[in-house]
Amino acid sequence: MANERRMLVLRAVIEDYIRTQEPVGSGALTRGHKLGVSSATVRNDMAALEDEGYLVQPHTSAGRIPTEKGYRYFVDKLATVVPLSKAQKRGIRTFLSGSVNLDDTLRRSARLLAQITGQVAVVASPSLARSALRHIEMVPVSSATVLIVVITDTGRVEQRTIVTAARPSDDALNQLGSRINAACQGESLRRAADGIRLFAQDEPDAPLRSFLEAVARVLDELATQEQTSNLYMAGTSQLAHRSVSDMASLASLFDALEEQAVLMRLMTALTEVSQLHGVGIAIGSETHTPGLMHASVITSGYGQSTAGPSKTEGDASSDSTAVEPLAFVGSIGPTHMDYANTIPAVRAVAKYLTEFMLNEEGDDEPDDDTD
């Protein structure tokens with residue numbers, strides 16, 4: 001769009017529509033914004049914006065409302081986002097600092113983000129496939145049973161049992177556990193399993209070799225069985241109460257929220273693409289999800305994982321040091337959501353979750369400046 005004034009008019013229309021959810025007329029724009037031109041000029045600009053597909057007139061006598069193309073232009077050109085207030089920052093830190101474990105933190109994060117934005121908040125838990133081994137314990141339970149306790153870098157604790165005809169002695173279990181922890185700590189569960197298999201190949205004692213192979217299978221199964229994450233969601237009723245006049249378009253959104261596997265794929269993909277303002281944004285048809293045709297999705301990754309999937313030998317594109325987010329936090333709402341306020345809220349909650357995962361205190365206040 002070459003005409004700078006039209007860009008200002010488009011921005012003003014979208015800002016007013018986000019605030020009121022009512023069609024915007026030229027008279028309201030000239031009264032509410034310092035555009036420096038007459039109402040007739042603004043009306044001509046709005047007509048041109050409609051011809052170019054940025055605005056639409058729902059009724060002949062009504063003002064204009066933004067189209068999906070208009071929202072996308074607005075978001076792409078959004079120079080600044082509204083920083084969270086100091087009170088909001090303190091509130092986030094205080095609210096999350098009361099968590100008792102990871103699951104509680106993720107639930108609290110979803111509720112908090114929903115309260116800040118007034119929209120649906122979705123927080124994914126880190127999947128075991130992206131987690132790294134922090135510690136493994138081998139606890140003898142009976143003469144033929146060993147309890148395998150796997151603790152990941154995200155704080156997840158998983159327990160599995162191995163039944164074996166020739167259980168290793170208590171001393172042997174302690175030695176095996178120490179050896180595995182020393183060699184495999186910080187590795188993905190899949191890579192840790194591969195490392196244990198190497199131990200098994202070098203083990204001359206057949207029963208111990210069989211036991212190590214069973215431990216490797218446990219780690220493989222944990223990584224394979226949970227490629228996806230749990231989703232913590234909050235704010236659906238809040239969104240409905242705030243948008244009673246828009247229930248027709250929101251009905252499909254609520255249906256889409258039930259399809260958690262679809263949401264997981266969409267929001268994970270958004271988190272992995274090049275991000276604007278530190279978040280990934282999809283508007284309407286960009287979601288490629290029928291139920292979200294009148295919705296926008298904003299996501300940000302949290303946590304830092306170097307675990308990742310195992311690399312194939314000779315894969316030149318592999319980079320074992322690449323840092324990826326562990327999971328995502330996001331907000332889902334109508335296309336007329338307040339982007340300038342939602343973006344920093346999503347980003348701030350993701351930052352605090354990253355600090356939590358790293359067990360770091362961080363700064364007194366997060367840096368919410370736009371890059």
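In this predicted model, helix α13 is largely enclosed by the rest of the structure, because 16 of its 20 residues are buried. The 20 residues of α13 should span 28 Å at 1.5 Å a residue, and the end C-alpha atoms of this helix are indeed 28 Å apart, so the expected and computed spans agree. The chain that surrounds this helix contains 13 helices and ten strands, and of its 371 residues 49% count as buried. Among the contacts with a separation of 6 or more, 65% are accounted for by residues that lie 24 or more positions apart.

The packing of the helices is considered next. Two packed helices are described by the angle between their axes and by the distance between those axes. For helix α5 (residues 86-97) and helix α13 (residues 339-358), the axes come within 11 Å and cross at roughly 40°, which makes α5 oblique to α13. The crossing of these two helices is right-handed, and the contact is made by Lys 89, Ile 92, Arg 93 and Leu 96 on the side of α5, and by Ala 348, Val 349, Tyr 352 and Glu 355 on the side of α13. By class, the residues of this contact comprise five nonpolar and three charged residues, with no polar ones.

Helix α5 also packs with helix α6 (residues 102-117), at an angle of about 155° and with the axes 10 Å apart; α5 and α6 are therefore roughly antiparallel to each other, given that angles over 145 degrees are counted in this way. The crossing of α5 and α6 is likewise right-handed. Here Gln 88, Ile 92, Phe 95 and Leu 96 of α5 meet Thr 105, Arg 108, Ser 109, Arg 111, Leu 112 and Ile 116 of α6, and the residues of this contact divide into five nonpolar, three polar and two charged. Ile 92 and Leu 96 of α5 thus take part both in the contact with α13 and in the contact with α6.

Helix α1 has 17 residues and reaches 25 Å from its first C-alpha to its last, a value close to the 24 Å expected at 1.5 Å a residue. The buried residues of α1 are Val 9, Leu 10, Ala 12, Val 13, Ile 14, Asp 16, Tyr 17 and Ile 18, and these pack against α2, α3 (39-51), β1 (55-56), β2 (65-66), α4 (68-76) and α13. With respect to α4, the axis of α1 comes within 10 Å and the two axes cross at roughly 105°, which makes α1 roughly perpendicular to α4. In this contact Met 7, Leu 10, Arg 11, Ile 14, Glu 15, Tyr 17 and Ile 18 of α1 meet Gly 70, Tyr 71, Tyr 73 and Phe 74 of α4, and the residues concerned comprise eight nonpolar, one polar and two charged.

Several individual positions outside the helices were also examined. Thr 335 lies in the loop between β10 (327-334) and α13, and it is buried, because its relative accessible area of 16% falls under the 20% cut-off. Neighbours within four places in sequence being left aside, Thr 335 is in contact with Tyr 71, Ile 283, Gly 284, His 294, Ala 295 and Ser 296; of these, Tyr 71 also belongs to the residues of α4 that meet α1.

Gly 301, in strand β9, is partly exposed, with a relative accessible area of 21%. The C-alpha atom of Gly 301 is separated by 5.2 Å from that of Pro 325, although the two residues are 24 residues apart along the chain. Pro 325 is also one of the contacts of Gly 301, which, apart from neighbours within four places in sequence, include Thr 271, Gln 275, Ala 327, Phe 328 and Ala 350.

Two loop residues that are not glycines adopt a positive phi. Gln 21, with a phi of about 55°, is placed in the loop between α1 (4-20) and α2 (26-32), and at 30% relative accessibility it counts as partly exposed. His 288 likewise has a positive phi of about 55° and is placed in the loop between β8 (280-283) and β9 (295-302); with a relative accessible area of 71%, His 288 is exposed.

Definitions and conventions:
Residues are numbered from 1 along each chain as its sequence is written. This is a predicted model: local features need pLDDT of at least 70, side-chain atom pairs count only at pLDDT 80 or more; totals for chains, interfaces and linings use all residues. Side-chain values use heavy atoms; hydrogens and water are left out. Helices (H or I, at least four residues) and strands (E, at least two) are DSSP runs, numbered from the N terminus. Buried means under 20% relative accessible area, exposed over 50%, partly exposed in between (1.4 Å probe, protein chains only). Axes are lines fitted to C-alpha atoms, for helices over the stretch in contact, and angles run from 0 to 180 degrees between N-to-C directions. Angles under 35 degrees count as roughly parallel, over 145 as roughly antiparallel, 65 to 115 as roughly perpendicular and the rest as oblique. A crossing is left-handed if the near helix is turned anticlockwise from the far one by less than a right angle, and right-handed if clockwise. Contact means heavy atoms within 4.5 Å. Ala, Val, Leu, Ile, Met, Phe, Trp, Tyr, Cys and Pro count as nonpolar, Asp, Glu, Lys and Arg as charged, and the others, Gly among them, as polar. The expected span of a helix is 1.5 Å times one less than its number of residues.
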